Amino acid sequence: MTLQHPAERVGQNRTGRFEKLAELASNFTSSAFFSVLCMALVGAFAAVHAAHLPIEWQHLVGDSMGAVSLLLLALLKNSERRAEHAIQRKLDAIAAALLEQQQGRRGDAEEELESAIGMEERY
């Protein structure tokens, strides 16, 4: 097990199983179907409390909402870290390319800039 974020693994331009799962989950959670599902869960929460159903039902609905919230938090953090890493790498590549251009020399910055384009889709 590694504590390093997947986007920070240097030299790996392939997408792993976790990254694919996180991307699919992110796409699902940003869909209209998921919004309707969440609204139904909130509606069930309100209905269970309004109907004064047994405490077990209230716990079931409340725990379901807590689990969905925790999963959404994990997905949000994963998406945030990947986007942050992609933006920082692009900014570094742009700055290096500008510096090389200003100094009138050619180096690896142009290649780094080309590889940074679209990197958020690879992670």
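A helix, as the word is used here, is a DSSP run of type H or I with at least four residues, and helices are numbered from the N terminus. The model on display is a predicted one.

Begin by selecting residues 32-50, which make up helix α2. The helix has 19 residues; at 1.5 Å a residue it should span 27 Å, and its end C-alpha atoms are 27 Å apart, which agrees. Next, select H52, which follows α2 and has a positive phi, near 55°.

Return to α2 and select L37, which lies within this helix. Its relative accessibility is 42%, so L37 counts as partly exposed, between the limits of 20% and 50%. Now add F28 and F33 to the selection: together with L37, these residues make a nonpolar surface patch of about 310 Å².

Then turn to the aromatic rings. How many aromatic pairs are there? The count comes to two. In the pair formed by F28 and F33, the ring centres are 6.0 Å apart and the planes meet at 50°, a tilted arrangement. The other residue to select is F34, which forms an edge-to-face pair with F28, at 5.4 Å centre to centre and with 65° between the planes. Through these ring pairs, F28, F33 and F34 are linked into a cluster.

Finally, examine each ring of the cluster in turn. Is F34 buried or exposed? F34 is buried, because its relative accessible area of 9% is under 20%. F28 has a relative accessibility of 38% and therefore counts as partly exposed. F33, at 55%, counts as exposed, because this value is over 50%.

Terms used:
Residues are numbered from 1 along each chain as its sequence is written. This is a predicted model: local features need pLDDT of at least 70, side-chain atom pairs count only at pLDDT 80 or more; totals for chains, interfaces and linings use all residues. Side-chain values use heavy atoms; hydrogens and water are left out. Patches are made of residues with over 30% relative accessible area and no salt bridge: like charges are joined within 9 Å, nonpolar side chains (Val, Leu, Ile, Met, Phe, Trp, Tyr) within 5 Å. Accessible areas come from the Shrake-Rupley method with a 1.4 Å probe; for residues, only the protein chains shown count as cover. A salt bridge is a side-chain nitrogen of Lys or Arg within 4 Å of a carboxyl oxygen of Asp or Glu. Helices (H or I, at least four residues) and strands (E, at least two) are DSSP runs, numbered from the N terminus. Buried means under 20% relative accessible area, exposed over 50%, partly exposed in between (1.4 Å probe, protein chains only). The expected span of a helix is 1.5 Å times one less than its number of residues. Rings of Phe, Tyr and Trp (its six-membered ring) pair if their centres lie within 6.5 Å; planes under 30 degrees apart count as stacked, over 60 as edge-to-face and the rest as tilted.
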